[in-house]
Structures are given as structure tokens and as C-alpha cells.
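Here are a few exercises to work through with the model open beside you. Try each task yourself before reading its solution.

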Amino acid sequence: MKYVIIGNGIAGIQAAESIRQIDSRGGITIIGDETFTPYCRPMISLVLEGAIPTEKLAIRGADFYEKLNIEPVLGKRVTHIDVDARQVIIDDTPKGGKKNHFSYDKLLIATGADARPIKAEGLSLGNIFYMRGQAHVCDMLESLSGGKKALVLGGGLVGFKAAYGLMKRGFEVTMLIKSGYPLSMQIDEAGGKLVLKELVRHGLKVMVGAEVKAFEGNGRVREAYLSDGSVLQCDIVIIGKGVLPSLSFVPRDQVRVDLGIVVDQHLETSSSGIFAAGDVAEYVDIARKTPWVNAIWPEAVNQGRLAGMNMAGRKVAYKGSLSRNVIRIFDVDVMTCGVVEPPDDPGYQVISKIDPHKNFYRKLVFRNDVLVGLVMVNDIDQGGLLVSLIQSETPIKISGETMLKPNFNYKQLLKF
Amino acid sequence: MKKVVVHPERCVGCMQCMVACATAHSRSGNLFSAICEVPLPKPRVHVGVGLYGEGFPNRCRHCDPAPCMLACLPGAIYRNAEFETVMIDSDKCINCASCAMACPFGVIRYHEDMHAPPKQVVAVKCDNCIDRQAKGLVPACVEACKSSALTFETTSDALKRKTNEVARSVSIETGKIVVAPGFNLLNAAKKAQINLKAM
Ligand SMILES: Cc1cc2nc3c(=O)[nH]c(=O)nc-3n(C[C@H](O)[C@H](O)[C@H](O)COP(=O)(O)OP(=O)(O)OC[C@H]3O[C@@H](n4cnc5c(N)ncnc54)[C@H](O)[C@@H]3O)c2cc1C
């Protein structure tokens, strides 16, 4: 059996590991754009913040490929898949015995996502960054010295983490966001306002609604011109306007693509023998009950692992993905999961409890008797319990009020 | 392989397992000196209170595959094969709480610990007392439990005993145990603590 995996992010790595557990002899080739030892992408913001050195990003040993007997083809991009000939083609001219195409019996597309590009003049100036990989952060670190003012575009997870990191570095940070509070895709308004309050208390400036039209500077960015006519001084700009699945090389006439690559319960695409996992894949969201791309680390891990098993012949069904996140910001902990702003529909019930003095907030969203969403601000230790109830769609028999209390615990779900 | 088995129906909520656990994970290993240590040793088993005030010693199930291990960002959670135990490497832990979001039992806590770098908050949970086990001792929570709500035995022994108990219960008429008035299953201190925490 010949396996080819495109992408050496966590989904690709997990898939390779689970293939090896089942099939010790099959050939595995991983083609990846990045040449670093497998590393933890979400942790790059900790490097920006100065909390950890780059060496701590690695989550596998330098001998990872060798140990699992994997052929690594790193620093190369896949440009094309020839579905009929069962081949993957990379952007390299074949020379000296090196080939530019790889045959497969089973193929995994685990190419993740790319930062969503923005349109503005002067984007080619220095010190304007996207933040997706280790290389981006290494470049940022080099341009931090002497800078005082930072501009962050977007209040999503990445924009938010960039802003937090730069604040910790002592930058005066301005964040441009669309909705009135950051993380609006993850959190509801009440929770978002608590997060905003904490950030503002530590000096973050937030501008709502404005967008950048143009950047100016002399080689390096100095000023940003906004749609509302104002001008902002900035020594560094980070663009965090979300991500888009990285799938430009996928033949859409042969592999079904929606926002992401559509997969079935075995992580297989519409084209037999081709699988997809991670930020690039789209499957049903457990809480939303609709096809969804949940571009988050724990799902990339799950999907990669299950895709690998299925590729190696062990049929394992994937139940569906679930959006979720946990973040610690200064002294506030936030956990969110599933549907946090339910549609206006009598099938949904929302209960919540807020104590602004203790910075405690908890909101639970039910659809009939099943928990489908939660927002927790502080007292998050037991959050996994609630998340697992959402994941397993367990009908809830106890009162919602009990689950809102900070001391809610596992015992309260037990019958005896 | 012996494991800690939890019998929730026997727990009287005395929380002695918590004290024993904290002591076993202290620098001195002695209760009276442990309470003066910095950081203050904390338990890894947690007696949660049920809907009717009954206790339940909640501890790590050392799942396989372990959701916390899969979710851990820095790869700090690993399995000790010899003791079938899920462990956290506190030097690698970044206190991101990804494991809190993954654990379906809510057994992970975040605080300073004598094994972690000084002044650093890390994820802490049950390690099956593998240091004690290596010395031939049973886990501290089991040793402390007076009501046999925590036992240390092989899974097959535990299953056999349970089967016998079920068999006995069908042949003997077992009614509800009448509890003397004033007898309360939940320890008073725990009650006070709950009342304080419940807002
Ligand atoms: C700053 C930041 C913070 C984050 N924080 C969190 C968080 O707190 N919690 C959370 O759950 N998630 C977080 N995420 C998201 C998380 O990192 C992703 O969900 C996860 O990394 C997805 O893994 P993946 O393997 O699917 O894709 P990726 O990690 O993107 O890996 C895909 C790999 O494929 C390569 N590739 C792409 N196209 C090609 C091609 N054509 N040929 C060859 N190789 C290719 C890429 O270079 C990349 O190395 C964060 C992301 C960022 C950037």
C-alpha cells in the first residue's frame, strides 16, 4: 500500500502516526511546504509574546520521519492532483533522480488553511505580517525592536492572540474590529464584553467598524489610512482576518468542494481513495447540525487520526466536528463551545448567570433537552464535562440551574 | 495490573483521600509540615458533591486513548506504559487549559506545584501515585479511604466481586438502609465550603 499525505501540520502528522500503528510496511510519503520539525501552530503566538522560545514549539522529535519510516518531501508545494492517474504533482523540475510526481493508493489532503488576504494599498511595505506559521513569527521577532505602536486587523482568534502578544511585549496596540467586541465568531456579546473590558483595562485600544484603505511608510510601514478618514501611526501591522481552506490545487470537478473539501463519516472525499482532514476539511457540525469547517486544533488532531485509520483499512466513523476554544487573557479565562448565539427559534432555550464583580459568566444553550452551546468566563475547570455533554448529545435530566453553578461537577450527572 | 477502583455508593464524603493525596504530593510527605509548604500541596482527587449532598471521589480515569493527551497543545501529556498512567510533564505544560476543555470528567486543576518550575501555574492531575507504587505502597487515596470507596485491585478481581455482590443482592431481601436521625453523609466542612462557593 502506498500512502501520500499532503501537509505536515498536525492533521497530516496524526494521520501518518495512526497509519503506522496499523500498517507497519506500507510506504508513507509526506509532502509539506514547511521544513520545521512538526510543531504546534497555536503556540506561535506564545513566541510572539515572549513566553516561550521557538525551540519549544516542536511537538515531535527531529527524527520523526525517520523513526516512522516516512519519506519526507519538505519545502515543496503540491500544485496538482491527477485523480485518474492517482498521482500528486509538486512545483519542482525533476532533476538528478528527484521526481516531481508521487503515485498513491490512498491520498490524504491535510493542507490546512491560509490567512485570509486583505485588500489595501501598500501591503508590500515591511513590518506588515500575516500570522500563520513559525516563519511568520520569526520574521516578526526581528522587526519588534524599537517599535512602540502596533496595529492589529481583525478580532478573531489570531488577531486577538497577536494583540495580546504585542501588549505583553509592551506595544501600544490598536485593534480594528467589525463587531463591538473581539472573538465574535466564538463568543456571545455578554462574554465578549467581559473579554474586551479586560483587554482595555490593560491598555488595548479598540476601533469598531473602520477598515484600512492604505499603508504608507518608507520601506517599512509607518501609517495606516482608515476608511473613516483617520490616520494611525504604526511600527508593525498584523493581519488576522480569519483563514480560508488551502485547496487551490484540488480539481473541483473530481473532488467535491464547498467552503472546505467535503468528506463523509470516514473522512473520505467524493473521490474514492482520497481523504481530507483538518482545517481544509468540511463535515457536519454536531451542534449546528449543518456542514461546517471547524478550523481548530483538536478537530485537526481527531480528523487526522481517524483519517489515518480509515486509510489503513480500519473503518472508524467520525461523528462530526464541534467548534470550541479556551483562552486565558490576563486574569480572565474563557471557554466557548458550539452554538453560543442561538437562532430565534422556540426549540432553543438559553440560561445564564453573570456576576460582574467576580468576573463570572456562564451561559448554556439547549436545543430541546440537549446541550448545544456554552460560554464560560472563569471557573472553567469543569468545562470539559459540559463540552463532552454537547459532543455526546446526552439528554440532560438535571436542572440547568445546577449546571450554571461554579461548583457543578461530574457527580451531579450520576444517577445513584 | 492493579488499579484504583472507585465505588461511589460507599463514599461518605469525608475527604480524607484529598488530604492524603495532597500530603503524598508534598515535599515533606508529612501532613503537619506539608501545610506550611510553598506552594501549598493540593489534592489530585476531588470529592465532588452530588445533587443530594452525597460525595464522590472524582479522579483521573487514565483513559486510553486519553482525550487530554490528544488535545494537549505542547505535547506535555504522555502515557507511562508501566503503570498505565496518563502523566503531565510540567516543564512542557503551558497552562493553556486545552485539557480542561477535553476532559469529560473534570479532573484537571491548575495551580503551582512542587514538581513544576517555581511560580508557574501548570495543569495538575492524578498520577496514580507511581512514586509510591514503585516503593511497593498503594496509592495514598486508597490507603486513606476508610469506607472502601477506593480500592486497589486488578480489574478482574473487582469485576468478580461486583458479580458476587449482585448475585447476593438477588437472593437476600435488601431494603433501604435506615439512617439514624441527624446522621448526615456529607461532612460538615464540605457543606460549609459548598455554601460559600454557591452564589
Ligand atoms: C496564531 C494561531 C493561533 C491559533 N490558536 C488556536 C487555538 O488556540 N485553538 C485552536 O483550536 N486552534 C488554534 N489555531 C488553529 C490551529 O492552529 C489549526 O486548526 C491547526 O493547526 C490545523 O491543522 P492542520 O494540520 O489542519 O493544518 P495546518 O497546521 O495549517 O498544516 C497544513 C500544512 O500543509 C502545508 N501545505 C499547505 N498547502 C500545501 C501544498 N499545496 N503543498 C504542500 N504543503 C502544503 C502548510 O504549509 C502547513 O504546513 C491557531 C492558529 C494560529 C495561526
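## Exercise 1: a helix pair

H1(A) and H7(A) pack with their axes 7 Å apart and at an angle of about 35°. (Axes are lines fitted to C-alpha atoms, for helices over the stretch in contact, and angles run from 0 to 180 degrees between N-to-C directions; helices are DSSP runs of H or I with at least four residues, strands are runs of E with at least two, and both are numbered from the N terminus.)

Before going on, note that this is a predicted model, in which local features need pLDDT of at least 70 and side-chain atom pairs pLDDT 80 or more, while totals for chains, interfaces and linings use all residues. Residues are numbered from 1 along each chain as its sequence is written, chains are lettered from A and ligands numbered from 1 in the order in which they are written, and side-chain values use heavy atoms, leaving out hydrogens and water.

**Task.** Determine whether the crossing of H1(A) and H7(A) is left-handed or right-handed, and find which residues make the contact.

**Solution.**
1. H1(A) passes H7(A) in a right-handed crossing, meaning that the near helix is turned clockwise from the far one by less than a right angle.
2. On H1(A), the contact (heavy atoms within 4.5 Å) includes A:Ile10, A:Gln14 and A:Ile22.
3. On H7(A), the contact residues include A:Trp297, A:Gly304 and A:Arg305.

## Exercise 2: the ligand

**Task.** Find which residues come nearest to the ligand, and which polar contacts hold its oxygen atoms.**Solution.**
1. Of the 35 residues around the ligand (a heavy atom within 4 Å), A:Glu34, A:Arg41, A:Arg132, A:Lys161 and A:Asp279 come nearest.
2. For polar contacts (N or O atoms within 3.5 Å), start with A:Arg41, which has a polar side-chain atom 2.7 Å from an oxygen atom of the ligand.
3. Turn to the backbone: a polar atom of A:Trp297 is 2.8 Å from a ligand oxygen atom, and one of A:Ala295 is 3.4 Å from a ligand oxygen atom.
4. The protein covers 95% of the 990 Å² of accessible area that the ligand has on its own (Shrake-Rupley method, 1.4 Å probe).

## Exercise 3: backbone details

**Task.** Locate the cis peptide bonds that precede B:Pro39 and B:Pro65, and a positive phi at A:Asn368.

**Solution.**
1. B:Val38 and B:Pro39 are joined by a cis peptide bond with omega about -5°; B:Pro39 sits in the loop between helix H2 (31–34) and strand S2 (46–49) of chain B.
2. Another cis bond links B:Asp64 to B:Pro65, with omega about 0°.
3. A:Asn368 has phi near 55° and lies in the loop between strand S25 (360–367) and strand S26 (370–377) of chain A.

Conventions. A polar contact is a pair of N or O atoms within 3.5 Å; within protein, one must be able to donate a hydrogen and the other to accept it, and residues adjacent in sequence count only if both atoms are side-chain atoms.
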